[in-house]
Amino acid sequence: MKLDIPEIPELLIDNTDRNRTSPFAFTGNRFEFRAVGSEANCAEAMIVLNTAVAEALESFKERVDALIAKGTDKDVAIVDVIREDIKTCKPVRFDGNGYSEEWKAEAAKRGLDCEASCPKCFDRYLDADSIKMFENLNVLHKNEVEARDEVKWETYTKKIQIEARVMGDLSMNHIIPVATHYQSQLAKNVENMIDIFGKEETEKLSERNIKLIREIAERTQIIETGVENLINARKVANKIENVREKAIAYHDTVAPKMEEIRYHIDKLELIVSDELWTLPKYRELLFAE
């Protein structure tokens with residue numbers, strides 16, 4: 001890439017696609033924004049990115065023009081401003097794994113925002129600098145940004161609410177009945193083994209089945225208690241009137257309980273017979289044709 005500026009060397013462009021560990025990767029001659037979810041529309045993310053780029057270019061030109069007005073040579077002015085921007089953006093430049101826990105620690109050291117709570121991340125739209133950027137470029141007014149944030153909080157809450165209800169239904173009407181049915185089959189097998197070999201020998205021969213019976217009982221009990229706790233957490237969160245605080249409550253108190261339930265369901269999936277399991281198993285989702 002030749003920029004026709006003597007102070008800036010030619011840039012050798014890497015035409016490969018290597019960095020798959022960054023949500024916003026630079027792949028030689030372009031940036032690739034990979035953080036948009038499969039069900040999401042990337043239009044809003046592009047509005048923010050394009051507005052930020054427009055603000056940066058506008059600022060760049062203003063600073064270069066100011067130096068030229070003071071008598072600085074055009075090429076020298078451009079290089080000076082580029083040098084200033086390179087120093088300014090140093091904290092955000094990172095070519096490691098942008099999804100790793102190590103990056104979160106490194107980002108904190110660099111003074112970057114490491115907030116992982118989605119509802120709290122929406123607050124950044126309402127920062128003074130963000131509002132100023134949108135308004136100065138005539139993209140959005142403050143009240144429009146506030147309205148969009150309110151929609152984001154409501155949407156987040158409803159999604160988690162629906163997912164929690166579905167998880168409760170699947171747990172109580174699919175997972176636990178199937179698991180206990182398989183447990184009954186194992187128990188029947190152990191009983192038959194006792195009739196044939198006696199209790200003492202069966203404890204050795206059916207050691208694995210006895211272990212599975214106990215594990216299924218423990219995990220189904222944990223799941224049932226978890227569903228009750230999940231329902232209670234939703235009831236508490238639903239009483240919150242402020243849309244932002246309700247979304248935060250769903251993130252902090254409801255979503256973690258769903259993760260706990262899922263952990264034990266995943267473990268049961270590895271135990272229960274395929275012919276009894278009514279839902280697609282992970283390997284079927286990944287590899288079944």
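# Reading helix α6 and its surroundings

Guide: Let's start inside: α6 gives the most to the lining of the largest cavity, with four residues. Keep in mind that this is a predicted model.

Visitor: How many cavities of 30 Å³ or more are found in the whole structure?

Guide: The search finds one. About 60 Å³ of space lies in this largest cavity.

Visitor: Which residues line the largest cavity?

Guide: Find Glu44, Ile47, Val48, Tyr125, Phe134, Leu140, Val145, Arg148, Asp149 and Lys152 on the model. Two elements, α1 (43-69) and α6, give two or more residues to that lining. By class, the lining has six nonpolar, no polar and four charged residues.

Visitor: And the second largest pocket: what is its volume?

Guide: That pocket has a volume of about 400 Å³. Its lining is made of 17 residues, and Met167, Leu170, Ile265, Leu279 and Tyr282 lie nearest its centre. Helix α6 (142-197) appears again here: α6, α9 (243-271) and α10 (282-287) each supply at least two residues of the lining. As for class, 11 of the lining residues are nonpolar, one is polar and five are charged.

Visitor: How many residues does the largest nonpolar core have?

Guide: There are 33 residues in the largest nonpolar core, and Ile223 and Val254 have the most contacts inside it. α6, α8 (207-238) and α9 are the elements that give two or more residues to this core. The most comes from α6, with 12 residues.

Visitor: Is Val79 buried or exposed?

Guide: To judge this, look at relative accessible area: under 20% is buried, and over 50% is exposed. Val79 has 10% relative accessibility, so Val79 counts as buried. Look for this residue in helix α2 (residues 74-88). Here is a distance to try in your viewer too: Val79 and Leu137 are 58 residues apart in sequence, and their C-alpha atoms are 26 Å apart in space.

Visitor: What about Asn138, buried or exposed?

Guide: Asn138 counts as exposed, because its relative accessibility is 67%. Asn138 sits in the loop between α5 (128-136) and α6. The backbone there deserves a look as well: phi of Asn138 is near 55 degrees, a positive value in a residue other than glycine.

Visitor: Now the cysteines. How many disulfides does a search of the whole structure find?

Guide: The search finds zero.

Visitor: Why is the sulfur of Cys42 not bonded to that of Cys118?

Guide: The general idea is to check the distance between the sulfur atoms, where the cut-off for a disulfide is 2.5 Å. The sulfur of Cys42 is 17 Å from the closest cysteine sulfur, the one in Cys118, so the two are too far apart for a bond. Cys114 is in no disulfide either, as the nearest cysteine sulfur, that of Cys121, is 10 Å away.

Visitor: How exposed are Cys42 and Cys114?

Guide: Cys42 is partly exposed, with a relative accessible area of 39%. Cys114 is partly exposed too, at 34%.

Visitor: One last thing: what is the mean pLDDT of the protein chain?

Guide: The mean is 90, and 92% of the residues reach 70 or more. Confidence is lowest in strand β1 (residues 24-26), with a mean of 75, while α9 has the highest, at 97.

Methods:
Residues are numbered from 1 along each chain as its sequence is written. This is a predicted model: local features need pLDDT of at least 70, side-chain atom pairs count only at pLDDT 80 or more; totals for chains, interfaces and linings use all residues. Side-chain values use heavy atoms; hydrogens and water are left out. On a 1 Å grid over the protein atoms alone, a cavity is a set of points where a 1.4 Å probe fits but cannot get out, and a pocket is an open set with protein on both sides within 12 Å along at least five of seven lines; lining residues have an atom within 4 Å of a point. Grid points are joined across faces, edges and corners, and a volume is the space filled by probe spheres set on the points. Ala, Val, Leu, Ile, Met, Phe, Trp, Tyr, Cys and Pro count as nonpolar, Asp, Glu, Lys and Arg as charged, and the others, Gly among them, as polar. pLDDT is the predictor's confidence in each residue, from 0 to 100. Buried means under 20% relative accessible area, exposed over 50%, partly exposed in between (1.4 Å probe, protein chains only). A nonpolar core is a set of buried Ala, Val, Leu, Ile, Met, Phe, Trp, Tyr and Cys residues joined through side-chain atoms within 4.5 Å.
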